[in-house]
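Work through the exercises below with the sequence and coordinates open. Each task is followed by a solution in steps.

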Amino acid sequence: MKCLLIASESAEVLFYWTDPEFELNIQEQYGASQEEGEKPPAFEDCINTLFAPIIISCSTMVDRLGDSYTSFSTENNHTYVLHQFEECLYIAVNGDREEGEEDLKRKIYVMKKMIEVLFGMVTLSSTLIRKELRPQDTEQRTNLWKYLQNLLETYSRLQEQDQSFLVEAVERLIHPTLCEQCIEFLERRLVQQINSSVERAGEEVLHAFILVHTKLLAFYSSRNASTLTSSDLLALIVMVQNMYPSNINLEDTAPEVGALRVKEEEYHTLDASEDVENTSAPDIFYTPEPSPTNRDSGTDRDSMAEDSLQTLEAPPPDPSNPSRVFLEVTLKEGCYPMMPHSMYCLPLWPGITLVLLTKLPNSNLAMSVYVFLEAFAKLEKRLSEGLEGSAARGQTSIQDLRNKLDKFIRALGTLDIQVGVMYESTDSFSSYCLLSVPSLVPWCRTMKSQLCGVYRQCFITENTVGGGNPQRLSPSLQDRALTMVQEKLMDWKDFLLVKSKRNITMVSYPEFPGLIHFIYVDRTAGQMIAPSLNITDRATSELGKGPLAHFIKGKVWGLVNTSRIYLQKGYSTVTLRDGDYFFCYFLWFENETGYKLEVKDLPILPNDSAPIGMLAWDYYRKLLRYYSKSHQGEVVKCYELLTVHLGVIPTEYILQHCSQLARKLWEPSRIPLL
């Protein structure tokens, strides 16, 4: 019984997702009143009827009280969580008690993050984002909503099954030699060859990385590229998994087990010094290639055309067609959020994907748009707060802003971008100034909306500047890139698929008796290390078969949620006993040399704050900035460690284990090269 809805202030549905149980419940509720032989109402109409009172109630409270509710529960044990982002209201619902308020809040923020990655600065204009989320064309709206629904389902699946998405940090495959070889290959051959080709249509590869399911094998960024944030990288992995989903239900029962085990020993001779993997590890299993899965669980229904998104499947992805994504870029001039990139997802084999992120030829336009948006937002804030005198004294800077905007508009005109309305708005600037300084407020808002329109025209619409299809790497160039990487990894592909299932195992840590599981996270790099948890009934590991692994998995997921509750309250250490188990959580800071810095009180977050994590909102980046204020001129790093021990182990030994384990995991030789 789950649902997520995005609506406008006028109660217009901009997007919705429901699970089959919620959908069936709605159909039974609104279909029962229909007379025999009469068609049932469109599902979208039912959703609108159900949520309209809540949406109108929220708008009324904001208008009359300047406040609104963030969550509530009903008598039938349904939990509703609401959050207003500008003029878009997000509502998440759970009726089966599988999700709490924090889970629903996280789902809302993740959905907002994915929409920002897909639509960029268009999300800053309420009018434009409403048009983007609810296209007038029914088929276009169907395909868009189905795509967004699949993204949300993909994230939910990963968050429930994958430890990296549980703690929201990227997991790397632990094989330093192979990682280093692949990074060198990406740099010296692949990226260099693409960027020197005449078939790249003006695009430039900034980042290239190889994913094995959700784990990162190798990542390379060109020298003039900005660092890709952990938040953006996690969002991109969700998109890749949505295009090429991993089938975790296919288990390791192929007859090639023995041969593959011998092959793995050959692979390990490449790096005799690698001691993260223990040579006494249990049997390594072969992962067969997954068969195509049917993502659409809906059935055909006799309903109106507007209801078609319940039954139509989104078109299959075309690898040669890039996805337009908007990512954060940090340069020496400053930070620029939501800058346009093209993402190419090239499937090497089932479960293994090459991803290329390219810079667009006209990406500087997006930077200029952001600079102007920021300038107008600051000006509007000063004027709205009643700082007319300050604004009046800044007439020179206002006029300077207008002059720069004139030059920008003239430059757009040379690129065949429609800017007629912007000319009219800048021409009205003088008349606004003659009336009064506060009259500039509507002008600021108008200019922000029109700047977002220019951004949309350049980077969102199908027909880019000059008309025709969007610029992209030629299909032949993509094919050559795909072939190059396949040839490089041909002898490794089976090993990589196995490795992704059993990256590291607890038998690699025999010096810690009683330690059942751990998760170690480098929050500065946004990376994590954890022993694999096999949770299927046929998989055998040091935890036995499925049920025990399921039990431990539940304990680990619960520990992470508990640690976040205490972290929100300002605690950096949590120890607790739960039956036969003892749990520990530690967050600490170090300098570059590994010296542990003194403990400092962490900020206490309000209840309505964004969920702690790195995907939807990078809490740890803000935490590092907060802590670094008292360590000026020093590089500060943040780490987390979560452990699960048997409860019979004395507490003093458990704490000693945690300290030793943290030091062991910190050693540079154990972390794959970046």
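**Exercise 1. A serine in a helix**

Is Ser 563 buried or exposed?

Solution. The model is a predicted one. Begin with the location: Ser 563 sits in helix α18, which covers residues 546-568. Next, take the relative accessible area, which is 4% for Ser 563. The cut-off for buried is under 20%, so Ser 563 with its 4% is buried. Last, list the contacts of Ser 563, leaving out neighbours within four places in sequence: Tyr 585 and Leu 642 remain.

**Exercise 2. The chain as a whole**

Determine how many helices and strands the protein chain has, and what percentage of its residues count as buried.

Solution. Counting the elements gives 20 helices and 16 strands. The protein chain has 674 residues, and 53% of them count as buried. For the surface, the protein chain exposes about 30,300 Å², of which carbon and sulfur atoms supply 51%. For the contacts, take those with a separation of 6 or more: residues 24 or more positions apart account for 71% of them.

**Exercise 3. The largest nonpolar core**

Which residues touch the most other members of the largest nonpolar core, and which helix gives the largest share of this core?

Solution. The largest nonpolar core has 113 residues, and Phe 51 and Ile 91 touch the most other members. Helix α15 (residues 440-459) contributes the largest share of this core, with 11 residues. Now take the contacts of Phe 51, setting aside neighbours within four places in sequence: these are Cys 3, Leu 5, Phe 22, Tyr 80, Ile 91 and Val 93. Ile 91 thus appears among the contacts of Phe 51. As background, nonpolar side chains tend to be buried together in soluble globular proteins.

**Exercise 4. Cysteines**

How many disulfides does the structure hold? Are Cys 3 and Cys 444 buried or exposed?

Solution. The search for disulfides returns 0. The relative accessible area of Cys 3 is 0%, so Cys 3 is buried. Cys 444 also has a relative accessible area of 0% and is buried. Cys 3 is in contact with Phe 51 as well.

**Exercise 5. Positive phi outside glycine**

Where do Arg 97 and Glu 168 lie, and what is the phi of each?

Solution. Start with Arg 97, which is not a glycine but has a positive phi of about 65°. Arg 97 is placed in the loop between β5 (88-94) and α3 (101-119). With a relative accessibility of 65%, Arg 97 counts as exposed. Turn to Glu 168, another residue other than glycine with a positive phi, here near 55°. Glu 168 is placed in the loop between α6 (163-167) and β6 (170-171). The relative accessible area of Glu 168 is 1%, so Glu 168 is buried.

**Exercise 6. Salt bridges**

How many salt bridges are there? For the pairs Glu 12 with Arg 134, Arg 188 with Glu 184, and Glu 328 with Arg 621, give the N to O distance.

Solution. The count is 23 salt bridges.

- Glu 12 and Arg 134 pair at 3.4 Å, N to O. Glu 12 is in the loop between β1 (2-8) and β2 (13-18) and Arg 134 in the loop between α4 (126-133) and α5 (138-161), so the pair ties together parts 122 residues apart in sequence. Glu 12 is partly exposed at 33% relative accessibility, and Arg 134 is partly exposed at 21%.
- Arg 188 and Glu 184 pair at 3.0 Å, N to O. Both belong to helix α7 (residues 176-195) and are 4 residues apart, so about one helical turn separates them. Arg 188 is exposed at 55%, while Glu 184 is partly exposed at 36%.
- Glu 328 and Arg 621 pair at 2.9 Å, N to O. This pair links distant parts of the chain, 293 residues apart: Glu 328 is in strand β9 (residues 323-331) and Arg 621 in helix α19 (residues 619-628). Glu 328 is buried at 16%, whereas Arg 621 is partly exposed at 32%.

Finally, Lys 2, Asp 96 and Glu 98 form a network of salt bridges.

Definitions and conventions: Residues are numbered from 1 along each chain as its sequence is written. This is a predicted model: local features need pLDDT of at least 70, side-chain atom pairs count only at pLDDT 80 or more; totals for chains, interfaces and linings use all residues. Side-chain values use heavy atoms; hydrogens and water are left out. A disulfide is a pair of cysteine sulfur atoms within 2.5 Å. Buried means under 20% relative accessible area, exposed over 50%, partly exposed in between (1.4 Å probe, protein chains only). A nonpolar core is a set of buried Ala, Val, Leu, Ile, Met, Phe, Trp, Tyr and Cys residues joined through side-chain atoms within 4.5 Å. Helices (H or I, at least four residues) and strands (E, at least two) are DSSP runs, numbered from the N terminus. Contact means heavy atoms within 4.5 Å. Accessible areas come from the Shrake-Rupley method with a 1.4 Å probe; for residues, only the protein chains shown count as cover. A salt bridge is a side-chain nitrogen of Lys or Arg within 4 Å of a carboxyl oxygen of Asp or Glu.
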